[in-house]
Amino acid sequence: MTKSTTPTILITGTTGNIGRELTKQLLAQKVPFRAMVRSTKKLEAFSEMEGVELVVGDFNDATTVADALKGIERAFLLTNSSEQAETQQSTFVEEASRAGVKQIVKLSQWAADTNSPVRFLRYHAVVENKIKESGIAYTFLRPNLFMQGLLAFRSTIVDQNKFFAAVGDAKISIVDVRDIAAVAAAALTEDGHAGKIYNITGPEALSHQEMAEKLSAALNHKIQFVDISPESMREALISVGFPNWQADGLIEDYAHYHRGEASIITADIKDATGKPPHSFEEFARDYAPKFS
Ligand SMILES: NC(=O)c1ccc[n+]([C@@H]2O[C@H](COP(=O)([O-])OP(=O)(O)OC[C@H]3O[C@@H](n4cnc5c(N)ncnc54)[C@H](OP(=O)(O)O)[C@@H]3O)[C@@H](O)[C@H]2O)c1
């Protein structure tokens, strides 16, 4: 990256699952960008970030968000799904409007809807509507369940060769975050993505049992999926430190998967990037060392 070019693209959620992939892809494409981080401390782990313009910003502090947005034309908006997410993202939209941002690429979620029984899907839809009302051009990325979400089950996969969820045998068109990041990169760097809603899925719909079989093949030993009750799943989430709001949200999310509401396969990754999505086999092969 050339330091003399003033970036007009801002990335948020830089240190997260999608943000890390997105920064990697923009760096590889030599696209100048500014990256908002909550603390510079975390960046010591991001050697590949060298040369990127960094700005320290906290979604809970509108002044720092306004500073991060100065001179920006296209912004990628991502927070984690916490009880504060709707407020944090709304603050970002207000500051983006004041700063004269031309386009927001918002990381939303599959089936975002203000009337959904799933709290995550409701807040995402509320923020989508705020962006529309602001008059800023939008691109909404609504991905399905992340393949890399399986890494959250890493400890039981490594210790017990098992993973547990309240999802039954429902099929989900699970998607690789590398492909979500590729759609974000396209929307931030090319024209033609404004006003689009991308419903982002992987190339096939799989049950957790089928994921376990494919993971077993990649790891060369048997990994078992164990279906559990929502109550047991909630207890497990609370025991590893999830706040109640998030644990309840995840239970609602898995109930939505259980009802088979996330099994449709779309061509949106190919449409947006020109490339086919990664298969679960590719994900399992590439991430096998992380499960060992
Ligand atoms: N997981 C799934 O299967 C799935 C499926 C569809 C959609 N989604 C959506 O994906 C989003 C999460 O994406 P992800 O997994 O990439 O997120 P993530 O890994 O949880 O990362 C969240 C990012 O937000 C940053 N952040 C959090 N609070 C902040 C604050 N107050 N100020 C500034 N930055 C802050 C974090 O920075 P720090 O490193 O400093 O904490 C981190 O970079 C959610 O909106 C969720 O609804 C998830």
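1. In this predicted model, the bridge partner of L107 in strand β6 is L141. That pair belongs to a parallel arrangement in which 5 bridges join β5 to β6, the latter covering residues 137–143. Between these two strands the chain passes through helix α4 (residues 119–134), and the resulting β-α-β crossover is right-handed.

2. Strand β5 also pairs with β4 (residues 74–77), to which it is joined by 4 bridges, and here too the strands run parallel. Within this pairing, R74 has Q103 of β5 as its bridge partner. The connection again involves a helix, since β4, helix α3 (residues 85–99) and β5 make a right-handed β-α-β unit.

3. As for the surroundings of β5 (residues 103–107), 5 of its 5 residues are buried, so the strand is largely enclosed by the rest of the structure. The side chains are divided between two directions, with Q103, V105 and L107 pointing one way and I104 and K106 the other, and all of them are buried. A reader inspecting the strand may note that the buried set includes K106 and Q103 as well as V105.

4. The loop between β4 and α3 contains T79, and a polar backbone atom of T79 is 3.1 Å from an oxygen atom of the ligand. T79 counts as buried because its relative accessibility is 11%, under the 20% limit. Its side chain makes a polar contact of 2.9 Å with the side chain of Q89. Leaving aside residues up to four places away in sequence, T79 touches F59, A85, Q88, Q89 and Y123.

5. Around the ligand there are 27 residues, of which T15, N17, R38, S81 and H124 are the closest. Backbone atoms of other residues also deserve attention when the ligand pose is examined: a polar backbone atom of G16 is 3.1 Å from a ligand oxygen atom, while a backbone N or O atom of I18 lies 3.0 Å from an oxygen atom of the ligand.

6. The largest nonpolar core has 33 residues, and those that touch the most other members are L150, F163, V167, L215, Y254, F280 and F291. Two or more residues come to this core from each of β7 (162–165), α7 (208–219), α8 (230–239), α9 (244–258) and α11 (280–287). I18, A35, V52 and F76 are included in a second, separate core of 29 residues. I18 therefore appears both in that second core and, through a backbone atom, beside a ligand oxygen at 3.0 Å.7. Returning to the largest core, F291 touches L150, L151, R154, I157, V158, L215, L219 and F283, again not counting residues up to four places away in sequence. Strand β7 has two unlike faces, a covered one formed by F163 and A165 and an uncovered one formed by K162 and F164. Over 4 bridges, β7 pairs in the parallel sense with strand β9 (residues 224–227), and the bridge partner of F164 in β9 is V226.

8. Finally, G274 is found in the loop between α10 (268–273) and α11. With a relative accessible area of 52%, G274 is exposed, because exposed means over 50%. G274 and V183 are 91 residues apart in sequence, and their C-alpha atoms are 9.6 Å apart in space.

Technical notes: Residues are numbered from 1 along each chain as its sequence is written. This is a predicted model: local features need pLDDT of at least 70, side-chain atom pairs count only at pLDDT 80 or more; totals for chains, interfaces and linings use all residues. Side-chain values use heavy atoms; hydrogens and water are left out. A nonpolar core is a set of buried Ala, Val, Leu, Ile, Met, Phe, Trp, Tyr and Cys residues joined through side-chain atoms within 4.5 Å. Buried means under 20% relative accessible area, exposed over 50%, partly exposed in between (1.4 Å probe, protein chains only). Contact means heavy atoms within 4.5 Å. Two strands pair if DSSP finds at least two bridges between them. A crossover is right-handed if, with the strands pointing away from the viewer, the path from the first strand over the helix to the second runs clockwise. A residue is near a molecule or strand if one of its heavy atoms lies within 4 Å of it. A polar contact is a pair of N or O atoms within 3.5 Å; within protein, one must be able to donate a hydrogen and the other to accept it, and residues adjacent in sequence count only if both atoms are side-chain atoms.
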